[in-house]
Amino acid sequence: MPELPEVEVVCRGLAPVVGRSIVGVSCHRTGLRYPLPDLAGLAGCRVTAIRRRAKYLLFELDDGRVLIWHLGMTGQFHLLATQAPAALHEHVQLNLDDGRSLRYRDARRFGYAGLMAAADVMDHPWFARLGPEPLGDDFDAAYLLAFCRGRKAPVKSVIMDAGCVVGVGNIYAAESLFRAGIHPARAAGRISQQRLAALVLAIRQVLAEAINAGGSTISDFVKADGKPGYFAHSFQVYGREGEPCLRCGTVIRRMVQSGRSSFYCPDCQH
């Protein structure tokens, strides 16, 4: 599933759409994970901004509405010539006033979209309970210490909880915990503020590096230009079970937490 860096990369890749007007809409199905909103009503609207909140893309329109899109597991946006033929698993085409079109493809159809007034977005159930952005000023050691206080849950589960901080998915949680030297199963409430400060810094560094590398392509993810991301080449623990730790040489181990694989170095992380 695309995580925060991948969605941010897609968001930045769609910058050419900003300022363009939608002149036509084609939908090849009525729903994905949920029924699609009335996208035909977008015709005549101009896209004034595209931004990201958590793993959602928000297309701000000049009529005061926002088109919200979640990529699900295999969702992709591509910017192509309007006359380019539809590709396999292509479900939505938004034609723009510059002769190009924004295409949405989704092989597994777990993505979903919403269309609502801008004033209603942050109170919507998709957003109302989200924690701070990990690259924003509200996410710091003091905040994380307060959130973790008294919690017996494993720290990896806590930082993957969108109510704590958004967008730290499985890959980036594993990589961040390795950099901070914290075992993924350690109880969140038993970690000092100093170590949590190291974790906050690691999360920021890992996410920023992943964005700069174009995200991580594991299976389906590609950028808006159709090219893969390259951060997977920088993984230090994720997917490296049985291989030597790049820091100390100890064999990387894997365990299962909440149905997800956790990779860690038993010597570097405690």
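The dialogue below reads the overall form and the two sheets of a predicted model.

Biologist: What should I keep in mind about numbering and confidence before reading this model?

Modeller: Residues are numbered from 1 along each chain as its sequence is written, and side-chain values use heavy atoms, with hydrogens and water left out. Because the model is predicted, local features need pLDDT of at least 70 and side-chain atom pairs count only at pLDDT 80 or more, while totals for chains, interfaces and linings use all residues.

Biologist: How many helices and strands does the protein chain have?

Modeller: Helices (H or I, at least four residues) and strands (E, at least two) are DSSP runs numbered from the N terminus, and on that basis the protein chain has five helices and ten strands.

Biologist: What does the radius of gyration say about the protein chain?

Modeller: The radius is taken over C-alpha atoms, and the globule rule is 2.2 Å times the number of residues to the power 0.38. For 270 residues this rule puts a compact globule near 18 Å, and the 20 Å of the protein chain agrees with that. The C-alpha trace spans about 60 × 35 × 30 Å along its principal axes, and 49% of the 270 residues count as buried, where buried means under 20% relative accessible area with a 1.4 Å probe, protein chains only.

Biologist: In which order do the strands of the sheet that contains strand 8 lie?

Modeller: Strands of a sheet pair through backbone hydrogen bonds, either parallel or antiparallel. Here two strands count as paired if DSSP finds at least two bridges between them, and four strands form an open antiparallel sheet in the order 2-3-4-8. Its edge strands are strand 2 (47-53) and strand 8 (112-117), each of which pairs on one side only. Strand 4 (residues 65-70) and strand 8 are joined antiparallel over six bridges, and Trp69 has Ala113 in strand 8 as its bridge partner.

Biologist: Which helix packs on this sheet?

Modeller: Helix 1 (residues 4-13) does so, touching strand 2 and strand 3 (56-61), with contact meaning heavy atoms within 4.5 Å.

Biologist: Why is one side of strand 1 and of strand 5 left without a neighbour in the sheet?

Modeller: The sheet in question is open and antiparallel, with its four strands in the order 1-6-7-5. Strand 1 (22-27) and strand 5 (75-81) stand at its edges with a single partner strand each, so one side of each has no neighbour in the sheet. Strand 6 (residues 90-96) and strand 7 (residues 100-106) run antiparallel and are joined by five bridges, and Leu94 has Leu102 in strand 7 as its bridge partner.

Key
Axes fitted to C-alpha atoms, helices over the stretch in contact; angles between N-to-C directions. Buried < 20%, exposed > 50% of the residue type's maximum accessible area, 1.4 Å probe, protein only.
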